[in-house]
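Work through these exercises with the sequence and the model open side by side. Try each task before you read its solution.

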Amino acid sequence: MTKQQRKTIEREFYKYKWNKSQAENYAVCAVAYDSSAPDGERVKASTGNRAEQLVIRAIYETERLRGWCTVFEKTLEKFKWEQKDELIKKRYIERKSIKRICYELCLPESTYHYWHNQILLAAYNWAKHFKIL
């Protein structure tokens, strides 16, 4: 996992709540879009229909957002019943500092960093599995 991939995963994890709400908002576009042609073919064939291109982009964006939400949820599920799930919640949903998380979970900072790397590695594997990274 490169530094850039690590930053991407962390950024998307911090944006989990926003991604979830945006994916639900974009769902309306998916209902409005109806065709038997593949999306790529429609974009290439459609030179003047700006509305259709916007709908297709919205659908791609929705799938990307849903993918990251799924990665977050699968990562959280993987570490369920361990303190690592609490670490994920405190870090990315509650946005607490490293020192505060270590204090609340009674962890040494070295253990925090070790677990955090395990969490990001699991998220990286899920992101590769869902082909969003």
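**Exercise 1. Aromatic pairs**

How many aromatic pairs does a search of the whole structure find?

*Solution.* Start with the ground rules. This is a predicted model, in which local features need pLDDT of at least 70, side-chain atom pairs count only at pLDDT 80 or more, and totals for chains, interfaces and linings use all residues. Residues are numbered from 1 along each chain as its sequence is written, and side-chain values use heavy atoms, with hydrogens and water left out.

Step 1. Apply the pair rule: rings of Phe, Tyr and Trp (its six-membered ring) pair if their centres lie within 6.5 Å. Planes under 30 degrees apart count as stacked, over 60 as edge-to-face and the rest as tilted.

Step 2. Search the whole structure. The result is five aromatic pairs.

Step 3. Classify F13 and F72. Their ring centres are 5.0 Å apart and their planes stand at 80°, so this pair is edge-to-face.

Step 4. Place the two rings. F13 belongs to helix α1 and F72 to helix α4 (residues 50-78), so-called DSSP runs (helices are H or I, at least four residues; strands are E, at least two; numbering starts at the N terminus). The pair links distant parts of the chain, 59 residues apart. Both F13 and F72 are buried, meaning under 20% relative accessible area; exposed means over 50%, and partly exposed lies in between (1.4 Å probe, protein chains only).

Step 5. Turn to W126 and F130. This aromatic pair is stacked, with 5.7 Å centre to centre and 15° between the planes. W126 is partly exposed at 26% relative accessible area. F130 is partly exposed too, at 31%.

Step 6. Look for a cluster. F13, Y14, Y16, F72 and Y92 form one aromatic cluster.

**Exercise 2. The fold and its core**

List the secondary structure, then find which helix gives the most to the largest nonpolar core.

*Solution.*

Step 1. Count elements. The protein chain has seven helices and zero strands.

Step 2. Check burial. Of the 133 residues, 35% count as buried.

Step 3. Define the core: a set of buried Ala, Val, Leu, Ile, Met, Phe, Trp, Tyr and Cys residues joined through side-chain atoms within 4.5 Å.

Step 4. Find its hubs. The largest nonpolar core holds 24 residues, and I9, F13, F72, L87 and I88 touch the most other members.

Step 5. Assign the helices. α1, α4, α5 (83-93), α6 (98-105) and α7 (109-129) each supply at least two residues of this core. α7 gives the most, with eight residues.

Step 6. Set this beside the general pattern. In soluble globular proteins, nonpolar side chains tend to be buried together.

**Exercise 3. Helix α1**

Which residues of α1 are buried, and what do F13 and E10 touch?

*Solution.*

Step 1. Check the helix length. The expected span is 1.5 Å times one less than the number of residues. For the 12 residues of α1 that gives 16 Å, and the end C-alpha atoms are 16 Å apart, which agrees.

Step 2. List the buried residues of α1: T8, I9, E10, E12 and F13.

Step 3. Trace F13. Not counting residues up to four places away in sequence, F13 is in contact (heavy atoms within 4.5 Å) with V71, F72, T75, Y92, I119 and A123.

Step 4. Trace E10. E10 sits in α1 (residues 3-14) and is buried at 16% relative accessible area. Beyond its neighbours within four places in sequence, E10 contacts R91, Y92, H116 and L120.

**Exercise 4. Helix α5 and A122**

What do the buried residues of α5 pack against, and where does A122 lie?

*Solution.*

Step 1. Name the buried residues of α5: K84, D85, L87, I88, K90, R91 and Y92.

Step 2. Find their partners. They pack against α1, α4, α6 and α7.

Step 3. Look just past the helix. R95, just after α5, takes a positive phi of about 55°.

Step 4. Move to A122 in helix α7. A122 is buried at 8% relative accessibility. Leaving aside neighbours within four places in sequence, A122 contacts T75, K78 and F79.

Step 5. Compare sequence and space. A122 and F79 are 43 residues apart in sequence and 9.5 Å apart in space, C-alpha to C-alpha.

**Exercise 5. Cysteines**

How many disulfides does the model have?

*Solution.*

Step 1. Use the rule: a disulfide is a pair of cysteine sulfur atoms within 2.5 Å.

Step 2. Count. The result is zero disulfides.

Step 3. Compare burial. C102 is buried at 8% relative accessibility, whereas C106 is exposed at 68%.
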